Every structure is written in C-alpha cells, then in structure tokens.
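Good morning, everyone, and thank you for making the time. I would like to walk you slowly through one model today, so please have the sequence and the picture open in front of you.

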Amino acid sequence: MSRYIIKRSIHAVITLFVVSIVVFMIVRLSGDPVLLLVPDEAPAEDYEEMRKLLRLDEHITVQYVIWMRQVLTGDLGESTTQRLPVATLIIERFPATLQLTALAFAFTLLIGLPIGVYAAAHRGGALDFLARGFAVFGQATPNFWMGIVFIMIFAVWLGWLPAAGREGGIKFLILPAVTIGWFPVAGVMRLTRSSMLEVLNSEYVKLARVKGVRESLVLWKHAFKNAALPVLTYSALIIVFMVRGSVIVETVFAWPGVGRLVLEAVYNRDFPIVQAVVLLFATFFITANLMVDITYAYLNPKIRYS
Amino acid sequence: MTQQMEQTETKSYTGDHLLDVKDLSVYFFTRRGVARAVDGVSFHLDEGESLGIVGESGSGKSVTALGMLRLVPPPGEIVKGEVYLEGEDLTKLSGRQMRKIRGRKMSMILQDPMTSLNPSFAIGNQVAESLSIHQGLRGKTLKNKVVDMLKMVRIPAAEARVGDFPHQLSGGMRQRSAGAIGISCMPKILICDEPTTALDMTIQAQYLELLKDVQEETGVAFIFITHDMGIVAKMCDRVNVMYAGRIVESGPVLDVFRNPSHPYTISLLRCLPRLEAVERLESIDGQPPDPHVFPSGCRFAPRCPKAQAICHETYPETTVMTGTDHLAACHFPGDWK
Ligand SMILES: Nc1ncnc2c1ncn2[C@@H]1O[C@H](COP(=O)(O)OP(=O)(O)OP(=O)(O)O)[C@@H](O)[C@H]1O
Ligand SMILES: [Mg+2]
C-alpha cells in the first residue's frame, strides 16, 4: 500500500511538471503581451525595453527556468494590468472558489449517491423514472444556461435568493453551487445507479441475502461498498468539471473567485495571471486525482494488499 | 449417526418430513412471455439426509433452491405451491420471519465460489456475519467461532487466514470458505449448488469428503444440485431427476441407478463415464425445450428415442416404480433398457 502511494505520488509530480511546461508554452504562443502594455504610438525602443524588463528576450527554456524558480518560491509574477503580485490576487480570490466548489461537491455526493442507490434498489419505480429523466436533462443542459434559468426563477420571479455577489452569507452561495453541481449530480446519480444495478445482480449480493442479512445492509454494506468504486473514480472528473465550470458560473453570478479572475485576465492578455491560475487548477486536479487513487486503493482490497 | 437419532426424537414439528416442498412453481415474467422455470415440483427431505437434484443446464435446479429460500430474483415469482420447513409454510412468512430462516435453518452454498464471496470483505468477516446476525455473537466469542468454522472446513492455518480477502485465496479455499459461511449457524438444511464444477478432480474429491465429514459432525441435511450422476452416487441417499422445470424421476439412489425408469434418467446414466471430466450433459441429442414454450405433452418427447403419439399429446401421470418411494413420470416407464 505505501509503495503504491509513493508510486502514485511520483506520477503526480511528473504530471505536474509536464503540465507546467505545457501551460508555459501555450501562454507564450497565445500572443505578445508587450503589445498590450506599450501604447501603439510608443517608439520601438520602449517596446524593446519592456521586452527586456519582462525578460521575454531570453531563450524560451531560460524563461521557463526563471519562471519555475519563481513559482517554487511562491512568486507567481506580477499582473501586467493590475500591477499587483499574482499570488496576492489569487489568495484574495481563492477562498471564494474553494467555498463554492466544496459546497457543490458535497451537494453532488449527498444528492447523487443516495438517489442513485435508491433508484437501483427500486428499479422501474417512480423515483427511478424521475431520476433517469433528470439524469438525461441534467447532463444535456449547459451550466451557464441553468444559471440564468435559476436566476430568473429564484431571484427575479420568486425573489427568494440573491442573483449575484458574495457579501451576505450562505444565501449567496446556493444558486451558484447548485448550478455548478447540476451536471455532476446527474452524472453521479446515473453512474451510481448503473453500478449498483450490476452489483445487485452479483452472486455475493445473493449470498448476503442467503445469509439472512437485512435488505438495508445488503444495499449499503454489501452492494454499495463495491458499487462506489467507479463513482469514486468519476469524482476526480467531477472536480475537473467543477473547476472548469467555475469560470463560467462565477461570471454569471458575479462571484469574486479565481474563475472570474482568470476570465478577466484572458480578456486582458494578463498572462502571468493566466498561467498561474491554470497551473493552480492543474495542481488542484492532480492532487484531487491522487487522493481519489489513494482512497480507491484503500477501499479496494485487491490494491490494498498487493 | 447417534446425533441424527437424537434429532429425530426431539423434533418439534408435526409434519412427516423436515422439508416438504409441495407443487412449487416459479415463473419468470419476461418480455418474451412467461418462462416456467420450475413448474409444479414436489419433494421432501428428512433430517440428516442427502438429496440430489440432477438435470441439464437450465432445467430449473437453482431456481428451485432459490424458490425454497424465497430469493427468486425479479422478474421471477413463486406462483404456486408450499414449502414446509419443520411443519411451517415458508411461503406464508413475512420478510422478517423469512430472514430468520435464511442462514439459520436453511442455507445455501452458491454455484460459483469465485463470484459468490464479496471482494470487499475479509473472509473472516463474511463468516462472522451470519453468526452475529443469528446468534448475536460478538467480540472474542465470535472470533473464536469463526476460526472454528474455518477449521471445520479444513482451511489450513485458519487463525492466520481470517483477515484474507477472497482474491488472496485459491479456488478450493474459496469453496471451503463458502462452505464455512453456509454451515456457520448449523442449519438444518444446506443446499450445495454445483459443489464442485469450479474445482479440479482431486480438490473436488477432497471437498466432497469434507462435506460428508461436516454432515457427520453436524447432522445437517444436504441438497446437492449437480449435473453429475457420479456425485449423486457418491453423496446422496435419494435423487430427483429434473427436466424442463419438472421432476421426471425420483427415488432412493440405489433404486434409481439399478432400475432407471425414465428415458431421460437412462440417458443421464449413459453419460456417466464422460461426466467425470466435469462436462455438461451435451451427450444427449438435441436441446432442452425453451421454458417459454414447453410442449404440451411430455417435455422430453421431442428428444426421446422411443416417443409414441400419446407422449406428444398428454403429460404422463407419475407412476410408482420398484419400492414405494421410486416414482417416474413417463407413459412407458422402465421399458427402455
Ligand atoms: N433471472 C432470470 N430471468 C429470466 N429467466 C430466468 C432467470 N433465472 C433463471 N431463469 C430461467 O429459469 C431456467 C432455469 O434456470 P436455473 O438457473 O434453475 O437452471 P439450472 O438447472 O440451475 O442450470 P445450471 O445447471 O446451468 O445452473 C432458465 O432456463 C431460465 O429460463
Ligand atoms: Mg444452477
């Protein structure tokens, strides 16, 4: 088990390294930031000077090494438009995003798992029918659209919840969290249902019943423990999805998080922010993935004992 | 043997037999129509006895067993019949009462030991579960009992294997673990579905010996479900031959082997030498009928070498053969040597 964890961790670090190179290259290829910083009518010397200042005249590998060394010491550079350290900007915005995704993730599991289990246990019943309908609908609607619909219903028509912003407590979190969680709930529900259906057909579930085990334990102990494994793997994907979705959803709900920060930075060609945030998201995802792998190994004795 | 005597003397029920299955029918209501997987099956079992149920794949052996435990999976349903265990009709019990029967009075070792153990739980836990459900054992007592059970099925170094997971065990050890789960609460009846198909020859023989010893120690009554007449000969006192959801011949093993009266039984016995290689009964010409559309006459008639007109028209009455307990459902029983 500990060897497995070490192996997975080394993998994670290597992946992170590769991602950092890719991020660096893509940002460099996406356009010349100096053109944005220097006024159009400025003389060519100013342009050259700015390039030197940002050390964009160096060889690309040198630029990467410089950047990497800074990143590792916590220096993510300075925003080219806001003239503030990128690290400061991100630290300021990060709690909002974390709060949003954590709530959305909890919401996804707390709703998706039980409904999926119940739908499988009562296959063909009314709730199963509803759940399957919702799964198709939930997976077919883009989340910015869902966000707008939610705002119209709950903020504009019913006036129950605020449409935008963050100042003022949990009320402000509900709509954006539900919007981000919408698609993953549908996915978790569907996957849990199909995984449970398969497991409920298995011989070991039959054996549990032959032993006289209560039906609730058959479901949650004997079946769910096995059916949860694919769902767990999927939850790594959910995290990617949520982080990605936060860019749009934070914009729709004027949520002052990292997602909105990066979207603004893209418009402004503020490449230090973009590369830092993308790297942050990647780190976030790779860590989440690693944690999922470790939990998976812990739950699956075939890996735990090898 | 003495233990068996005692049990007969102290039996608390009024019926004649420990288990009395009467006219049990289990149908599957599928999209293609109604599959009459088990169609009016009656038999009985006494304390400490061993009964074989033989028949081709799909003849309804496993479904009969699941019907007795009331664990037929949907879209299957018990449509008719009674199952008396110690004089009590199981088909009338509530779900909760039935759970107290399963694992405690009647248990089953499922067909495939490779898939019937839960991959997520240690073997000791899986044995412990029925003991804690039915006997309320906890802690140290439970642990000791689990080890005893693993010892009873002769799992070597039982103490050390309690924490092993199914994937760490060989096929034979899994089979034994499944046996330990089945026997743990000392049920009156243990159904063994295909006890040996997954095992090679020597391990198969060992396992059968083991089951015999367990029976001697505990006085449990066995129902062996198998394709293999060889196992029936070795293990059973009586045998039911099933074909297409019905029992076509039943009786004491000696009578049935000496004097097989249904042509299907005869062909099963002819297959015997080849069956030792654990083969399905393909050596009989033709296919068993589809349970959705059974023929209206004798269900074996389409494959029977000597079928007459009447065989295709009406289902044969059951005839008493040699001895009172030897029955055959054939229009021309015993004429087939
Ligand atoms: N889940 C199910 N759905 C529909 N039909 C089923 C189902 N399970 C069993 N059947 C029907 O019941 C019949 C008997 O099945 P059963 O499992 O009892 O056969 P068996 O005698 O145990 O065969 P084998 O030797 O292969 O185990 C099958 O032919 C099939 O038509
Ligand atoms: Mg079977």
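**Two helices, a metal site and some unusual backbone**

Let me begin with a pair of helices in chain B, where α4(B) and α7(B) cross in a right-handed way. The contact between them is made on one side by B:Ile123, B:Gln126, B:Val127 and B:Ser130 of α4(B), and on the other by B:Ser177, B:Ala180 and B:Ile181 of α7(B). Before going further I should say that this is a predicted model, so please hear every value as computed from it.

How far apart are the axes of α4(B) and α7(B), and at what angle do they pack? The axes are 8 Å apart, and the angle is about 20°. Angles under 35 degrees count as roughly parallel, and therefore α4(B) is described as roughly parallel to α7(B).

Let me step back to chain B as a whole, which has 13 helices and 12 strands. Of its 337 residues, 55% are buried, and its accessible surface comes to about 14,400 Å², with 52% of that belonging to carbon and sulfur atoms. If we take the contacts in chain B between residues at least 6 apart in sequence, 64% of them join residues at least 24 apart.

Now to the metal: which residues coordinate the magnesium ion, ligand 2? They are B:Ser62, through its OG atom, and B:Gln111, through its OE1 atom, at 1.9 to 2.5 Å. B:Ser62 lies in helix α2 of chain B, while B:Gln111 sits in the loop between β6 and α4 of chain B, so the pair ties together parts that are 49 residues apart in sequence. Both residues are partly exposed, B:Ser62 with a relative accessible area of 23% and B:Gln111 with 29%.

It is worth staying with α2(B) for a moment, since this helix is mostly covered, with 7 of its 8 residues buried. Those buried residues are B:Lys61, B:Val63, B:Thr64, B:Ala65, B:Leu66, B:Gly67 and B:Met68.

The backbone is my next topic, and here a general point helps: most residues other than glycine have a negative phi, and most peptide bonds are trans. Following α2(B) we meet B:Arg70, whose phi is positive, near 55°. A little further along, a cis peptide bond joins B:Pro74 and B:Pro75, with omega at about 10°, and B:Pro75 belongs to the loop between α2 and β4 of chain B.

B:Glu86, in the loop between β4 and β5 of chain B, is not a glycine and yet has a positive phi of about 50°. Is B:Glu86 buried or exposed? Its relative accessible area is 14%, and B:Glu86 is therefore buried.

Chain A offers a case to set beside this one, namely A:Arg269, which is not a glycine either and has a positive phi of about 55°. A:Arg269 is placed in the loop between α11 and α12 of chain A, and with 41% relative accessibility it counts as partly exposed.

Finally, still in chain A, please find A:Ile66 in helix α4 of that chain, residues 60-72. A:Ile66 counts as buried, at 18% relative accessibility, and its C-alpha atom is separated by 9.2 Å from that of A:Arg55, which is 11 residues away along the chain.

Key
Residues numbered from 1 in each chain as written. Chains lettered and ligands numbered in written order. Predicted model: local features only at pLDDT ≥ 70, side-chain atom pairs only at ≥ 80, totals over all residues. Heavy atoms only, no water. Helix = DSSP H or I, 4+ residues; strand = E, 2+ residues; numbered from the N terminus. Buried < 20%, exposed > 50% of the residue type's maximum accessible area, 1.4 Å probe, protein only. Contact = heavy atoms within 4.5 Å. Areas by Shrake-Rupley, 256 points an atom, 1.4 Å probe, with all protein chains shown as cover. Donors = N, O, S within 2.8 Å, 3.2 Å for Na, K, Ca; no water. Axes fitted to C-alpha atoms, helices over the stretch in contact; angles between N-to-C directions. Parallel < 35°, antiparallel > 145°, perpendicular 65-115°, else oblique. Left-handed = near helix turned anticlockwise from the far one by under 90°.
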